[in-house]
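Subject: The structure you asked about

Hi,

Here is the structure for you to open and turn around. Have a look first, then read on for what turned up.

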Amino acid sequence: MFVQRFSATRRGARLARRLATHHLDLWHLPYGGTASDTVALVVAELAANAALHGRVPGRDFELRLGYDRSAGVVRVEVSDTHPGRPGLCGTAAPGPADAEGGRGLLVVAAVAARWGVDDRQGPGKTVWAECAVPVPGDPRQACPVRA
């Protein structure tokens, strides 16, 4: 388990992604591998959302990573103190095709096995995603697959 708080800024979001890939490497999910890249993308999107949309002045966001090696799952949780909940895929009208943002959770939904939003103790919410990663020693899993 890896847990760290970050400032709700672009710099904090970037640092969250960098520390996540470092920790994945310690868990033998090497930097630049498919599993590491997938989890890094999810962390980047969720941390950016926390910094841009979930920001409450003077409050941080928290990143929590958990790795269940036997199940081949990395769970990413990003908690912030903003009360607003992100729209689930398909519930909000899509923005213009040339918009610079608004697709982060669609990206998360595309690469994660599952994702969702939970209430947290205290103000705010936790957005989480589970990413499938290779199970060590399983020759059938050369790369992560969506469940």
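Start by finding Val-74, which stands opposite Cys-131 in β5. Keep in mind that this is a predicted model. That pair belongs to a longer contact: β3 and β5 run antiparallel and are joined by 8 bridges.

β5 also has a partner in β4 (residues 114–119), again antiparallel, with 6 bridges between them. One pairing to look for there is Asp-118 with Thr-126 of β5. β4 and β5 make a hairpin with 5 residues between the strands, and in that hairpin Gly-122 has a positive phi near 90 degrees.

Now, how many of the residues of β5 are buried? It's 8 of the 8 in residues 125–132, so the strand is largely enclosed by the rest of the structure. In a regular strand, side chains alternate between the two faces of the sheet. Here both faces are covered: Lys-125, Val-127, Ala-129 and Cys-131 are buried on one side, and Thr-126, Trp-128, Glu-130 and Ala-132 are buried on the other.

One more thing to hunt for is a hole inside. The structure holds 1 cavity of 30 Å³ or more, and the largest cavity has a volume of about 30 Å³. Its lining is made up of Arg-5, Asp-60, Phe-61, Glu-62, Ser-79, Asp-80, Thr-81 and Arg-120. By type, that's 5 charged, 2 polar and 1 nonpolar. β2 (60–68) and β3 (73–80) each supply at least two of these lining residues, with β2 giving the most, 3 residues.

Have fun with it!

Notes
Residues are numbered from 1 along each chain as its sequence is written. This is a predicted model: local features need pLDDT of at least 70, side-chain atom pairs count only at pLDDT 80 or more; totals for chains, interfaces and linings use all residues. Side-chain values use heavy atoms; hydrogens and water are left out. On a 1 Å grid over the protein atoms alone, a cavity is a set of points where a 1.4 Å probe fits but cannot get out, and a pocket is an open set with protein on both sides within 12 Å along at least five of seven lines; lining residues have an atom within 4 Å of a point. Grid points are joined across faces, edges and corners, and a volume is the space filled by probe spheres set on the points. Helices (H or I, at least four residues) and strands (E, at least two) are DSSP runs, numbered from the N terminus. Ala, Val, Leu, Ile, Met, Phe, Trp, Tyr, Cys and Pro count as nonpolar, Asp, Glu, Lys and Arg as charged, and the others, Gly among them, as polar. Buried means under 20% relative accessible area, exposed over 50%, partly exposed in between (1.4 Å probe, protein chains only). Two strands pair if DSSP finds at least two bridges between them.
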